[in-house]
Amino acid sequence: MTALRSRTNLPPKDRHSPSAAPSTAEDGPSDSTSTSKPKPYLSDPEEGPSRLSLLDILRVLGGLFLLSSTLSYFITGDSILWGYRPAITRPARIKAWLRGPYDLTDAQLSIYNGTDPTLPILVAVNGTIYDVSASPHFYGPGGSYSFFAGRDATRSFVTGCFDTDLNGDLRGVEEMFMPLEGEAGDDPTKEGRRERKLRREREKRTARKKVEETVRGWEGMFDGGKDGKYFKVGKVDRGPGSGWEGWGEVKELCQKAREGRPRRTAEEVGGRG
């Protein structure tokens, strides 16, 4: 009885101590003898999972661009973009865009011939104006093609006569593509004359198409698109109130164009063409 009282008077922590109630094998191993396993590593929940930052992506892209630009410059010799030249790298295009389209008469166009360094160098083809300031060594004063600057020289583009045909009059130019008429062997009959007239009409239509193709070729050369060094900037004003009086009388073909006309074959001369 005395022993029971003394036991009940023990502090709570001593009531369950090993000395008070030793554990048995049935109770299993105690916490003090259990083996603790290492906990897996967990990233800081505030930082989130590890990933590439925006700065890392920009660094990679910047390195690739620098490598590509270096290779492009060594291969092309003058371009870091493999020959591509955006409009932003061409000051003349930016100035033309800020200024707006040109609307010039032939007299006004003549001022833009490269003699004034503050003005662009302009040429016109079939009434359309193009900026060729990117090649002052060609179209500026003393250049190989300076006679094209400040004018519409479409006729000379077709005929090749750069001394006499520096104008935009295309009337009669199609004759340079039409065979010369021969007198010997022509059929004098009514049917022969009718066939000859029809043949000439067919040849004239074909010749006019050749003139149009030639003009389009020159237009394509000067209109390099948004990435070309030459570009379209406006139109020549030949409407009412512009002071334009027309081209005057139809001009004869220049000597070079006459000498280059095709010859009609013997079958065509005999009326069998």
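Visitor: Why does aspartate 131 count as buried?

Guide: Buried means under 20% relative accessible area, exposed over 50%, and partly exposed in between, with a 1.4 Å probe and protein chains only. Aspartate 131 comes in at 3%, so it is buried. Bear in mind that this is a predicted model: local features need pLDDT of at least 70, side-chain atom pairs count only at pLDDT 80 or more, and totals for chains, interfaces and linings use all residues. Residues are numbered from 1 along each chain as its sequence is written, and side-chain values use heavy atoms, with hydrogens and water left out.

Visitor: Where is aspartate 131 placed?

Guide: Aspartate 131 belongs to strand β3, residues 128-131; helices (H or I, at least four residues) and strands (E, at least two) are DSSP runs, numbered from the N terminus. Its C-alpha atom is 8.1 Å from that of phenylalanine 222, although the two are 91 residues apart along the chain. Phe222 is among the buried residues of α8, as are Arg199 and Glu203.

Visitor: How do you know that the span of helix α8 agrees with its 33 residues?

Guide: The expected span is 1.5 Å times one less than the number of residues. For α8 (residues 190-222) that gives 48 Å, and the end C-alpha atoms are 49 Å apart, so the two agree. Helix α3 (residues 54-76) passes too: its 23 residues should span 33 Å, and its ends lie 32 Å apart. Just after α3, glycine 77 has a positive phi of about 90°.

Visitor: What makes tryptophan 244 and tryptophan 247 an edge-to-face pair?

Guide: Rings of Phe, Tyr and Trp (its six-membered ring) pair if their centres lie within 6.5 Å; planes under 30 degrees apart count as stacked, over 60 as edge-to-face and the rest as tilted. The structure holds 16 such aromatic pairs. In this one, the centres are 5.3 Å apart and the planes make 80°, which fits edge-to-face.

Visitor: Are those two tryptophans buried or exposed?

Guide: In between: tryptophan 244 is partly exposed at 35% relative accessibility, and tryptophan 247 is partly exposed at 25%.

Visitor: What makes the charge of arginine 238 sit over the ring of tryptophan 244?

Guide: The rule wants NZ of Lys or CZ of Arg within 6 Å of the ring centre and within 35 degrees of the ring normal. The charged end of arginine 238 is 5.7 Å from the centre of the tryptophan 244 ring, and it counts as sitting over that ring.
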